[in-house]
Amino acid sequence: MSYHYFLQISLALLTILLQSYYCSSMAAVEVCVKAAVGAPNVLGDCPFSQRVLLTLEEKKVPYKMHLINVSDKPKWFLEVNPEGKVPVINFGDKWIPDSDVIVGLIEEKYPTPSLVAPSEFTSVGSKIFPTFVSFLKSKDASDGTEQALLDELKALEEHLKAHGPYVNGQNICSVDMSLAPKLYHLEVALGHFKKWSVPESLSHVRNYIKLLFERESFKKTKAEEKYVIAGWAPKVNA
């Protein structure tokens, strides 16, 4: 066997192995997320779904995405996920729900780059989303919901002033992955329904939002503003 022939055979085998590895990697992770309201073939507005997608994107994990029309869930989806909730993920053996659990497993299976937040930072901004929802749905300007949201944003401002520009300094972490979609909903929904925006005095929060929204991972995984608005409309008008 000539050296040239041996080299050709070796390269062909290497190509086959690499293709096999690449294909198996591509199919290794599947994730089901919410489709847009009224547009089942377009990425929807679920902030918890985006949190999972952001984590996969930041870690450069190849994945196959399934868009789920939550008002008409496909039979196969309900068979593998009887509760019918999104997001759910499959690493090759079973479907797993709950974004908290999912991002923890992604970190465990794909530890590089690390998105682990210091334990003392894990609760930063955790009350922003519920206070935002209360203010958004409020029909009484004097019920204190706006002030409650401002208090939470001011607490985030103080944290970022001391530790920014991200929650964990220069290093983006899991807390940022959780906050980014929620701050997007806050900005879009409050801007549309209440003509409200984060006060200019909260300069560190505003810069934080800008940094998050400029990341390629965020641009790739965010829902269009019109679908965020459509998603909140029934709750606001209830």
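Glu 214 forms a salt bridge with Lys 210, with the closest N and O atoms 2.9 Å apart. The model is a predicted one. Both residues of this pair belong to helix H8 (residues 203-214), where they sit four residues apart, about one turn of the helix. An α-helix has 3.6 residues a turn, so residues three or four places apart point the same way. Glu 214 has a relative accessibility of 41% and therefore counts as partly exposed. Lys 210, at 46% relative accessibility, also counts as partly exposed.

**Salt bridges**

Over the whole structure, a search finds eight salt bridges. Three of them, including the pair in H8, are set out below.

| Pair | Closest N and O atoms |
|---|---|
| Glu 214 and Lys 210 | 2.9 Å |
| Glu 107 and Lys 59 | 3.1 Å |
| Glu 216 and Lys 219 | 3.5 Å |

The pair Glu 216 and Lys 219 lies within helix H9 (residues 216-221), its members three residues apart and so separated by about one helical turn. Glu 216 counts as exposed because its relative accessibility is 59%, which is over the 50% cut-off. Lys 219 has a relative accessible area of 45% and is partly exposed.

The salt bridge between Glu 107 and Lys 59 has its closest N and O atoms 3.1 Å apart. Glu 107 is in helix H4 (residues 99-109) and Lys 59 is in the loop between H2 and strand E3 (64-68), so this salt bridge ties together parts that are 48 residues apart in sequence. Both Glu 107 and Lys 59 are buried, that is, under 20% relative accessible area.

**Helix H4**

Glu 107 is one of the buried residues of H4; the others are Ser 99, Ile 102, Val 103, Leu 105 and Ile 106. The buried residues of this helix pack against H2, strand E4 (88-90) and strand E5 (95-97). At the N-terminal end, H4 is capped by Asp 98, which places a side-chain oxygen 2.8 Å from the backbone nitrogen of Asp 100.

**Largest pocket**

The largest pocket has a volume of about 160 Å³. Its lining consists of Lys 34, Asp 45, Cys 46, Pro 47, Phe 48, Phe 129, Val 133, His 185, Gly 231, Trp 232 and Lys 235. Sorted by class, the lining has six nonpolar, two polar and three charged residues. At least two lining residues come from each of helix H2 (47-58), helix H5 (128-137) and helix H10 (225-236). The helix that gives the most to this lining is H10, with three residues.

**Largest cavity**

One cavity of 30 Å³ or more is found in a search of the whole structure. The volume of the largest cavity is about 40 Å³. Around it are Gly 44, Asp 45, Cys 46, Pro 47, Gln 50, Tyr 184, His 185, Thr 221, Lys 222, Ala 223 and Val 228. H2 and helix H7 (174-193) each supply at least two residues of this lining. By class, the lining of the cavity has five nonpolar, four polar and two charged residues.

Asp 45, Cys 46, Pro 47 and His 185 appear in the lining of the largest pocket and also in that of the largest cavity. H2 supplies at least two residues to the lining of the pocket and at least two to that of the cavity.

Note on methods: Residues numbered from 1 in each chain as written. Predicted model: local features only at pLDDT ≥ 70, side-chain atom pairs only at ≥ 80, totals over all residues. Heavy atoms only, no water. 1 Å grid on protein atoms, 1.4 Å probe; cavity = no way out; pocket = protein on both sides within 12 Å on 5 of 7 lines; lining within 4 Å. Points joined across faces, edges and corners; volume = space filled by probe spheres on them. Nonpolar A, V, L, I, M, F, W, Y, C, P; charged D, E, K, R; others polar. Salt bridge = Lys/Arg side-chain N within 4 Å of Asp/Glu carboxyl O. Buried < 20%, exposed > 50% of the residue type's maximum accessible area, 1.4 Å probe, protein only. Contact = heavy atoms within 4.5 Å. Polar contact = N/O pair within 3.5 Å; in protein donor to acceptor, adjacent residues only side chain to side chain.
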